[in-house]
Amino acid sequence: MPAYVAMRRGINVSGHKPIKMEDLRALCSDLGFRDVETYVQSGNIVLQSSLENPTIISKRIGAKIIESFGFEVAVIVRTSKEMRNVISNSPFLKENGIDSSKLHVTFLSEIVQETSLEKLAELSTTSQDRFHFAPREIYVYCPSGYGRTKLSNVGIEKALSVTATTRNWKTTNKLFEMVSRI
């Protein structure tokens, strides 16, 4: 049975859209997903499903969150194989002197064409921050810290007109480790 990582955008941030992780696990189990695990309070879920379409999984979880909690939350889903590719294809780790604690991955809700990247490039012209484009992810390196970058999740969403959710490199690796075990 295929394994997936489902990442929620914007829950449990500064007290907004609170969902307890045990409630999120129960919600996913009620939807028929198996081996449901969560990681940290930001709504990362690893699960198995007989469904082979990540978009359907995303829509079902999103609809159940609206039904159960009364608010809409974006859900971005990646397969185990896609997560492996995210880890192995990081361009920044091939460079010397990269501090992986300053590396982030922004997961996009849909494929973005390279022609859309001009707006994104404008966000990094006045800082040391850099990004690398992949069709469904943006790798972001922020040597001065993510809290100071214009390449934030909101900045990327505005520039590319897509829904996105960002995870630091440690969390991205942990999610891959978890999805690889099931």
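## Exercises on salt bridges and helix α6

In helix α6 of this predicted model, Glu177 and Arg181 lie four residues apart and are therefore separated by about one helical turn.

**Exercise 1.** Determine which residues are joined with Glu177 and Arg181 into one salt-bridge network.

*Solution.* Begin with the pair itself: the closest N and O atoms of Glu177 and Arg181 are 3.2 Å apart, and the two residues form a salt bridge. A salt bridge requires a distance within 4 Å. Next, classify Glu177, which at 39% relative accessibility counts as partly exposed. Finally, follow the shared partners: salt bridges join Glu37, Lys174, Glu177 and Arg181 into one network.

**Exercise 2.** Describe the extent, the start and the buried residues of helix α6.

*Solution.* The helix comprises 13 residues, 169-181. From first to last C-alpha it reaches 19 Å, close to the expected 18 Å. At its start, a side-chain oxygen of Asn168 comes to within 3.2 Å of the backbone nitrogen of Lys170. The buried residues of α6 include Trp169, Leu175 and Phe176.

**Exercise 3.** Establish where in the chain the salt-bridge partners Glu157 and Arg9 are located, and whether each is buried or partly exposed.

*Solution.* The closest N and O atoms of Glu157 and Arg9 are 2.8 Å apart. This salt bridge links distant parts of the chain, 148 residues apart: Glu157 belongs to helix α5, whereas Arg9 lies in the loop between β1 and α1. Glu157, at 16% relative accessibility, counts as buried; Arg9, at 22%, counts as partly exposed. The cut-off for buried is under 20%.

Technical notes: Residues are numbered from 1 along each chain as its sequence is written. This is a predicted model: local features need pLDDT of at least 70, side-chain atom pairs count only at pLDDT 80 or more; totals for chains, interfaces and linings use all residues. Side-chain values use heavy atoms; hydrogens and water are left out. Helices (H or I, at least four residues) and strands (E, at least two) are DSSP runs, numbered from the N terminus. The expected span of a helix is 1.5 Å times one less than its number of residues. Buried means under 20% relative accessible area, exposed over 50%, partly exposed in between (1.4 Å probe, protein chains only). A polar contact is a pair of N or O atoms within 3.5 Å; within protein, one must be able to donate a hydrogen and the other to accept it, and residues adjacent in sequence count only if both atoms are side-chain atoms. A salt bridge is a side-chain nitrogen of Lys or Arg within 4 Å of a carboxyl oxygen of Asp or Glu.
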